[in-house]
Amino acid sequence: MRIRDIHISPVAVPDPPLLNAAGLHAPYALRLIIEIVSDDGISGWGEIPGSEATRAALEQVRGHLIGRDPWGLNAIFAELETLANPDDRGATPWDQRAWVHVQSAIEVACYDLMGKSVGRPVVDLLGGAVRERVPFAAYLFYKYEGAGGEFGFGRDEAASGWAAARQEAALDPAGIVAQAQAMIERYGFKSIKLKGGAFEPQVEVDSILALREAFGPDVPLRLDPNAIWRVDTAIAAGEQLEGVLEYYEDPVRGQENMGSVARALDIPLATNMCTTSFDDLPGSIAHQSEAIILSDHHFWGGFRASLDLARFCAVFGRGMSMHSNSHLGISLAAMVHLAAAVPNLTYDCDTHYPWQDGHDLLVEPLQIEDGAVELPRAPGLGIEVDRDKLAQLGANYLACGLTERDDETEMAKVQPGWTFQATRW
Ligand code: GKR
Ligand code: MG
């Protein structure tokens, strides 16, 4: 089997105005869809966060993939690595390196292709499933109802998401509890993550305490301020959350600071910001910066790299969980296959999928039921892409004019003069 063609499609999916440490989500979340077509006419699909920089990197490697055997990923990556410039993940909550995204897009599409060509699901190519259902957590956000300009939400009922924690109501923890109740009622989630870093730390601590009060000790809770707190702030907040949080995700920036917070508190720390690549692993050991690493096949360079990370976590006593960004069903399917294959991924995974509220490019979108997604068992990723929906999301991309995620600019539209600060409180 040889790779005959590669199609790279930027798409834009409606996204509510969610708040985070870097600002506000734009009315559309950007994704890149990659289709790798074999010489016998099979299509393999991959999906990664959208960005013109990543798209340019993918275009750059495209010519090197045509004519290659999709089963020969080691040789392909060895060659491409010499082309790719190592780059920095940046200070934002999301990772901005191009090469890991390119690797992930190619690998997921090739695994879909390989699985389809031999009639086996991707999970089997990863060594087989250790679970048939993958549990996910409710992912709560403070939200700006009605923001977003011309394409804004709050006007569009279908896309307005959940009993919204409005900006005003967000200061009242009851708004966050209502959002959690709405999500749990619809999807049956068994654990809850709150995206913090948007308001004064005490506001967010109070929201977590209100969630504990509302849901009791059997529903695990997580708080993620995306590294925007100082060490003293994180410790003061954490002291109120000992015995309450399942884990405390990236309260501070950098492995050294994370190590200081970890030593001061009796709460496991987790990260998708300070230990995000294999180069960071020696620092993770030296600083004992976290107890749990949030894997992400988009950021760690695909499935096999994520399995390597799982082995590291098992050997060095780290727990492993799974991070997400706004995404569509190809990414969700890939996350589910990976999560089903990792024995030591014992936490409910993150997903933004409910916030997309049904906007997807699959013929049959995957369902979250009773807090979990059933592992697709059809060959490859076990999904079918609807080309009309893909075209519609591609048209959104052209119409919306966004080319990179830029939460700071979006926030400045509703709070003029607002700027991102790497450490705010
Ligand atoms: O969607 O705003 C967001 C999140 O802040 C996302 O970008 C983060 O990467 O969910 C992520 C996290 O756990 O840090
Ligand atoms: Mg995080």
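This passage describes the domains, a central strand pairing, a helix with its preceding loop, and the internal cavities of a predicted model.

The protein chain divides into two domains. Domain 1 is made of two stretches, 3–119 and 387–398, while domain 2 covers residues 133–374. Taken over C-alpha atoms, the centres of domain 1 and domain 2 are separated by 23 Å. To the contact between them, domain 1 gives 42 residues and domain 2 gives 46 residues.

Strand β4 offers a good place to begin a closer look. Spanning residues 28–38, β4 is mostly covered, with eleven of its eleven residues buried. In a regular strand, side chains alternate between the two faces of the sheet. Both faces of β4 are covered. On one side, Y28, L30, L32, I34, I36 and S38 are all buried, and on the other the same holds for A29, R31, I33, E35 and V37. The buried set thus takes in R31 and E35 along with residues such as I33 and V37.

β4 also has two strand partners to consider. Strand β1 (residues 3–14) runs antiparallel to β4, and eleven bridges join the two. One of the residue pairs here is I3 with S38, the latter being the bridge partner in β4. Strand β5 (residues 43–49) likewise pairs with β4 in the antiparallel sense, over seven bridges. In this pairing, R31 finds its bridge partner in P49 of β5. The hairpin formed by β4 and β5 has four residues between the strands, and G41 takes a positive phi near 85 degrees in it.

Attention now turns to helix α8 and the loop that leads into it. Helix α8 covers residues 231–239, and its buried residues are T233, A234, I235, A237 and G238. These buried residues pack against three elements: α7 (201–215), β10 (245–249) and α9 (255–264). R230 is located in the loop between β9 (221–224) and α8. Is R230 buried, exposed or partly exposed? With a relative accessibility of 42%, R230 counts as partly exposed, because that value falls between the 20% limit for buried residues and the 50% limit for exposed ones. Apart from neighbours within four places in sequence, the contacts of R230 are with V252, T423 and W425. As for V122, it is 108 residues away from R230 in sequence, and the C-alpha to C-alpha distance between the two is 42 Å.

The last topic is the space left inside the protein. Rolling a probe the size of a water molecule over the atoms shows where empty space is left. In this model, the count comes to three cavities of 30 Å³ or more. The largest cavity holds about 90 Å³ of space. Its lining consists of 15 residues, and P93, Y139, K195, N325 and H352 are the ones that lie nearest its centre. By class, this lining has four nonpolar, eight polar and three charged residues. Which domains supply the lining of the largest cavity? Domain 1 and domain 2 each contribute at least three residues to it.

The second largest cavity has a volume of about 40 Å³. Around this cavity are N272, T275, T276, L294, D296, F299, W300 and H323. The lining of the second largest cavity comprises three nonpolar, four polar and one charged residues.

Technical notes
Residues are numbered from 1 along each chain as its sequence is written. Chains are lettered from A and ligands numbered from 1 in the order in which they are written. This is a predicted model: local features need pLDDT of at least 70, side-chain atom pairs count only at pLDDT 80 or more; totals for chains, interfaces and linings use all residues. Side-chain values use heavy atoms; hydrogens and water are left out. On a 1 Å grid over the protein atoms alone, a cavity is a set of points where a 1.4 Å probe fits but cannot get out, and a pocket is an open set with protein on both sides within 12 Å along at least five of seven lines; lining residues have an atom within 4 Å of a point. Grid points are joined across faces, edges and corners, and a volume is the space filled by probe spheres set on the points. Ala, Val, Leu, Ile, Met, Phe, Trp, Tyr, Cys and Pro count as nonpolar, Asp, Glu, Lys and Arg as charged, and the others, Gly among them, as polar. Domain bounds come from an automatic or database domain assignment. Buried means under 20% relative accessible area, exposed over 50%, partly exposed in between (1.4 Å probe, protein chains only). Two strands pair if DSSP finds at least two bridges between them. Contact means heavy atoms within 4.5 Å.
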